[in-house]
Amino acid sequence: MANINVENVSKLIPTLGDDKIDMIAATSVLQIRASEIRQTQINWQSYLQSQMITQRDHDYIVNLDQRGQKNLPDQNPETCADVFLNLITHISKDNTIQYILVLIDDILSEDKSRVKIFRESRHGSVWQPFLNLLNRQDEFVQHMTARIIAKLACWHSSLMEKSDLHFYLSWLKDQLKMNAEKVSAELEHAEQVMLLHEKQHFAADKPKHKERDHEAAHEKYSSLYSSFDEAKTHEELLPGLHKNNDYIQSVARCLQMMLRVDEYRFAFLSVDGISTLLSILASRVNFQVQYQLVFCLWVLTFNPLLAEKMNKFNAIPILADILSDSVKEKVTRIVLAVFRNLIEKPEDHQVAKEHCIAMVQCKVLKQLSILEQKRSDDEDIMNDVDFLNERLQASVQDLSSFDQYATEVKSGRLEWSPVHKSAKFWRENAARLNERGQELLRTLVHLLEKSRDPVVLAVACYDVGEYVRHYPRGKHIIEQLGGKQRVMYLLSHEDPNVRYEALLAVQKLMVHNWEYLGKQLEKEQIDKQTGGTAVGAKA
């Protein structure tokens, strides 16, 4: 297994300050809340009197917090670690835990090397007290804890222990998924409200200048998306929307840090992290979250093995859609960087070639042409555009018609490209659909079952029919794979083109059977005639 250590990764990935990994607005919910918490006063004396903390812990935290002795962590690191770990273990009040976490985060942010205060303490496992806080109900406590854990895991030479790492990455993945679903649902609701408002507005006003008013409505509609990407006060956003949006950014920020460490990448793969990232990217999220999650994919692809596996999760079609829709330069830049890694990093040249073909199939060349015409001032973008253009154009020239077909089927984005309607193609290649354990046939049947795109369904029906028509045992194989049942089900599809192609496919399945039956009857008749002639001759 190819392994890239932390030192090599830092050379591969351009040097980025951790504050530059993402551009989370200083006004984010987490940062605003942290600023508010810093202004509060904790009555440490009351904790001492109730014997919840020791005299030593009390004196230390008072000197650090209220008497301004900011260099205490460096003077006595052992005591610092002991005191803070005791406090988060023995105090249960949310407000106080929030304050302690902000203090810890500030200590680490002032000097990265201070992570060793906690990582090298004699307190035992530093992870358990923090991991326990991830189960608290208070969202600020959860997400500030997650931020601290990421710093402790990434800013020290010793790696996080396997079981603790698995728990933490699973928590990040689940939070990412949960917050993304909330944002998507709330955005959809907001769009419905806005569309209803616009409908009522147009009905009332009956504008004369329809085109101009349509453009104005489009601006209002699109402002829903842009409002996510600019720093807004809470009052300017829909209730709850900014909060969920911020927390998904906070979780993504932790992942951006963690996945820069190569050893943590395979652990993330093992908790089904990559498919989660891509399923979120395939849904409705704002530009900032897109950037952060694609950044995570980018750092993952610096590992050759992960770069080879990436398109098994359908990464290229999803990223191609993002590139096509992107209006933010930073999103465009990071998607192109992922595409470049998917070609450069795999050690298996065949995989790199397949990635090129998949990009061609997903119309990436068209987007590269548009970017080339725009001529961005960003050198990274233009370098990647030139690189990808050269490699994709070369792959197109080497492509056989069957390669084109196989790539299209694997991408799941069937369309009426020339190969489908070519009788010559089917005569020469129908049998090849049985290669690799009938991989392409299984994909076609899967598309017939899962796809919601009428064009994909219509083309898949047509291909099944052509396969059966040109391959002698095709009917039997399609029946075994469940294809016949899926095609017949589509006879009642709402789209007329799907119904038409499904009907043709069923006819081909039946005709194939009739031809076989006709040949059998003809053979029996000839046998009878031959037998009768022979008897007559003997007589």
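Is Met 257 buried or exposed? Keep that question in mind while you open the model, which is a predicted one.

**Stop 1: the whole chain**

Start with everything shown as a cartoon. You are looking at 30 helices and zero strands. The protein has 539 residues, and 50% of them count as buried. Try a surface view next: the protein exposes about 27,300 Å², and carbon and sulfur atoms supply 50% of that area. Now think about contacts between residues with a separation of 6 or more: in 75% of these, the partners are 24 or more positions apart.

**Stop 2: Met 257**

Select residues 241-258 to light up helix α13, where Met 257 has its place. Here is the reply to the opening question: Met 257 counts as buried, because its relative accessibility is 5%, and the cut-off for buried is under 20%. Add Ala 153 to your selection and draw a distance between the two C-alpha atoms. Met 257 and Ala 153 are 104 residues apart in sequence, yet 9.0 Å apart in space.

**Stop 3: Glu 139**

Next, select residues 139-154, which form helix α10, and pick out Glu 139 in this helix. How does Glu 139 count, with a relative accessible area of 22%? Glu 139 is partly exposed, because values from 20% to 50% fall between buried and exposed. Now show Leu 30 as well. From C-alpha to C-alpha, Glu 139 and Leu 30 are 9.4 Å apart, although 109 residues separate them in sequence.

**Stop 4: helices α2 and α7**

Colour residues 29-38 (helix α2) and residues 94-110 (helix α7). Their axes come within 10 Å and cross at roughly 105 degrees, so α2 and α7 are roughly perpendicular to each other. Show side chains where the two helices meet. On the α2 side, look for Arg 33, Ala 34, Ile 37 and Arg 38; on the α7 side, look for Gln 98, Tyr 99, Val 102 and Asp 106. Sorted by class, this contact of α2 with α7 has four nonpolar, one polar and three charged residues.

**Stop 5: helices α18 and α19**

Now select residues 315-325 for helix α18 and residues 329-344 for helix α19. The two axes come within 9 Å and cross at roughly 150 degrees. α18 and α19 are therefore roughly antiparallel to each other. α18 passes α19 in a left-handed crossing. From α18, the contact uses Ile 316, Leu 319, Ala 320, Ile 322 and Leu 323; from α19, it uses Val 331, Thr 332, Val 335, Leu 336, Val 338, Phe 339 and Leu 342. By class, the contact of α18 with α19 has 11 nonpolar, one polar and no charged residues. Here is a handy idea for reading lists like these: an α-helix has 3.6 residues a turn, so residues three or four places apart point the same way.

**Stop 6: helix α15 and Thr 276**

Finish at residues 273-281, helix α15, which holds Thr 276. How many of the nine residues of α15 are buried? Seven are, so α15 is largely enclosed by the rest of the structure. Click through the buried ones: Gly 273, Ile 274, Thr 276, Leu 277, Leu 278, Ile 280 and Leu 281. Thr 276 counts as buried because its relative accessibility is 6%. Which residues touch Thr 276, leaving aside its neighbours within four places in sequence? Show Lys 173 and Lys 177, and you will see the contacts of Thr 276.

Key: Residues numbered from 1 in each chain as written. Predicted model: local features only at pLDDT ≥ 70, side-chain atom pairs only at ≥ 80, totals over all residues. Heavy atoms only, no water. Axes fitted to C-alpha atoms, helices over the stretch in contact; angles between N-to-C directions. Helix = DSSP H or I, 4+ residues; strand = E, 2+ residues; numbered from the N terminus. Parallel < 35°, antiparallel > 145°, perpendicular 65-115°, else oblique. Left-handed = near helix turned anticlockwise from the far one by under 90°. Contact = heavy atoms within 4.5 Å. Nonpolar A, V, L, I, M, F, W, Y, C, P; charged D, E, K, R; others polar. Buried < 20%, exposed > 50% of the residue type's maximum accessible area, 1.4 Å probe, protein only. Areas by Shrake-Rupley, 256 points an atom, 1.4 Å probe, with all protein chains shown as cover.
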